Structure formats: C-alpha cells, structure tokens
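Trainee: I would like a close look at one part of this model, the packing around a single core residue, and then an account of what lies around that part. Please take it residue by residue.

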Amino acid sequence: MSSIKLKHASGNSMSIAAPATNPASDLELKLPAAIGSANHILKNSGTAGTLEFANSVNTPIVYAYAPSGSETISDATWTKNSWLTSEEIDTDGAFASSKFTVPTDKGGVYFLAVGNNLYSPNNQAQNFYSAIYKNGSLLTNSYYMIMSSNPSYLRHVQTERQIVTTLAAGDYIESYMYGDVAAGAVYMSSDGGGTRGNYLMAFRLSY
C-alpha cells in the first residue's frame, strides 16, 4: 500500500493513503474549483465536494418565545401558540407569525422542541398537552398530564415536546397546546414564574 506523506517542518506529517482494499474501479479525490476562505469546510454533495461555511452547518437556528403576559385559550381545544413573538436568535430570518419555515437549500435533519405553560386560575387543571405541527397538521404530540377524576389545586403546568425529523425547504413548524380544565378558564401563561416557558426551538443537525 502506497501513500503520499506531507511532512511538517517540525517533523510530524500527514499522509494520504491508498484504499485498504482494491476498489472496483479507479477512484478520484476531487476538490471543488473554489479555494474557499476562513471558516469553510469541505462537504460531500452527491458525487462532488462542495465548500460550506462552518457556521452554517447547524443553521438555521431559531429560538422564539412569548413575552410576559397571559392569554385566554379555548378549553379542551388544540390552539396554536400564536404569541411566540419575541426572538432570541433567528439566523436565517426563518421565523415569522409564530412559525418556523425551512429556508431554501436548508432541508435536512432537524431538532425541534416546543414548550407551553398553561394556567388554571381556579386551580382545576385536568388534561394538558403540547404538540408540534408540520405544514398545518400534527407531527407529534404527547400526554403530559391526564387526570382520571376532577382535580383540585393544580394551577400551572409546563408541557413539552421534542423530536428529530427530516424537513424539506418550505416545510413550516408551529407549536400547539391543549388545556382542559374542570372548571373556569384556561390560559397560556408567561408570567414571572415561567419566563420563556412558552417557546419554539429549531436547528438543523450536521449530517
């Protein structure tokens, strides 16, 4: 087995070695025509290599949350959390109207997470859920709290849902919540005891 050894002036070297087994045909390692610049990485794209900024591998990144306040929602009804209007980070300008939309050329594997803080002022919280919707339809949801009989003294409940999934350019993601109370009203709450408890987070995973 042969190799090309590139030696550093201080003595150590880096080698480019031949394949460990005989390939079916000759192989070619071809770099992109562009030389690139600082913070570029080499990424395989089909049969050809491409250069991509290192800080774009895990972008877009979005973290949006509801500012302080409480909003009445319908009891026992799936409701979009449309109050996610503050942004901590939105690298690609991909978040608007309380939804994240995958930008052009940024399809891939994503980590998604939502959280909703629900509030029963009568202390009658009963059945609470969070869900992630994709393109207007349910992608994933989970039980968070289910009471078998009428409860008492349950006031605030924080519900969460996370998933790793593949998204294509143009797909959009929204946070939904479901609050069922035995008596009285139910609220989406973003008070001082639950700062940023209502949020949507999304980022592309390196792959």
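Mentor: Leaving aside neighbours within four places in sequence, Leu200 is in contact with Val62, Tyr63, Ala64, Leu84, Phe95, Phe100, Ala113, Val114, Ile173, Glu174 and Ser175. The model is a predicted one, and these contacts should be read as such. Leu200 is also among the residues that touch the most other members of the largest nonpolar core, a set of 26 residues. The others named with Leu200 are Phe95, Phe100, Leu112, Phe128, Leu167 and Ile173. Phe95, Phe100 and Ile173 are thus on the contact list of Leu200 and among the residues that touch the most other core members. The elements that give two or more residues to this core are β5 (61-65), β11, β12 (125-134), β14 (156-167), β15, β16 and β17. Of these, β11 gives the most, with four residues.

One contact of Leu200 carries a charge pair. Glu174, in contact with Leu200, forms a salt bridge with Lys80, and the closest N and O atoms are 2.8 Å apart. Glu174 sits in strand β15 (residues 172-181) and Lys80 in strand β7 (residues 78-80), so this salt bridge ties together parts that are 94 residues apart in sequence. Glu174 counts as buried because its relative accessibility is 7%, under the 20% limit. Side chains of opposite charge can pair when their charged atoms come close.

The count of salt bridges comes to four, and two others can be set beside this one. Glu88 and Arg196 meet through their side chains at 2.8 Å, N to O. This pair also links distant parts of the chain: Glu88 belongs to strand β8 (residues 86-90), and Arg196 to the loop between β16 (186-190) and β17 (199-204), with their positions 108 residues apart in sequence. Glu88 is partly exposed at a relative accessible area of 49%, and Arg196 is partly exposed as well, at 31%.

Another salt bridge joins Lys106 and Asp92, with the closest N and O atoms 3.0 Å apart. Lys106 is in the loop between β10 (99-101) and β11 (108-119), while Asp92 is in the loop between β8 and β9 (95-96), so the parts tied together are 14 residues apart in sequence. Lys106 counts as buried, at 14% relative accessibility, whereas Asp92 is partly exposed, with a relative accessible area of 32%.

The loop between β10 and β11 also holds Asp105. Its phi is near 65 degrees, a positive value in a residue other than glycine. Asp105 is exposed, with a relative accessible area of 70%. Asn135 is a second case: its phi is positive, about 50 degrees, although Asn135 is not a glycine. Asn135 is found in the loop between β12 and β13 (137-146) and is partly exposed, at 33% relative accessible area.

Nonpolar side chains also appear on the surface. Ile4, Leu6, Met14 and Ile16 form a nonpolar patch there, with about 390 Å² of accessible area together. The elements that give two or more residues to the patch are β1 (3-7) and β2 (13-17). Leu6, in strand β1, is partly exposed, with a relative accessible area of 45%.

Note on methods: Residues are numbered from 1 along each chain as its sequence is written. This is a predicted model: local features need pLDDT of at least 70, side-chain atom pairs count only at pLDDT 80 or more; totals for chains, interfaces and linings use all residues. Side-chain values use heavy atoms; hydrogens and water are left out. Buried means under 20% relative accessible area, exposed over 50%, partly exposed in between (1.4 Å probe, protein chains only). Patches are made of residues with over 30% relative accessible area and no salt bridge: like charges are joined within 9 Å, nonpolar side chains (Val, Leu, Ile, Met, Phe, Trp, Tyr) within 5 Å. Accessible areas come from the Shrake-Rupley method with a 1.4 Å probe; for residues, only the protein chains shown count as cover. A nonpolar core is a set of buried Ala, Val, Leu, Ile, Met, Phe, Trp, Tyr and Cys residues joined through side-chain atoms within 4.5 Å. Contact means heavy atoms within 4.5 Å.
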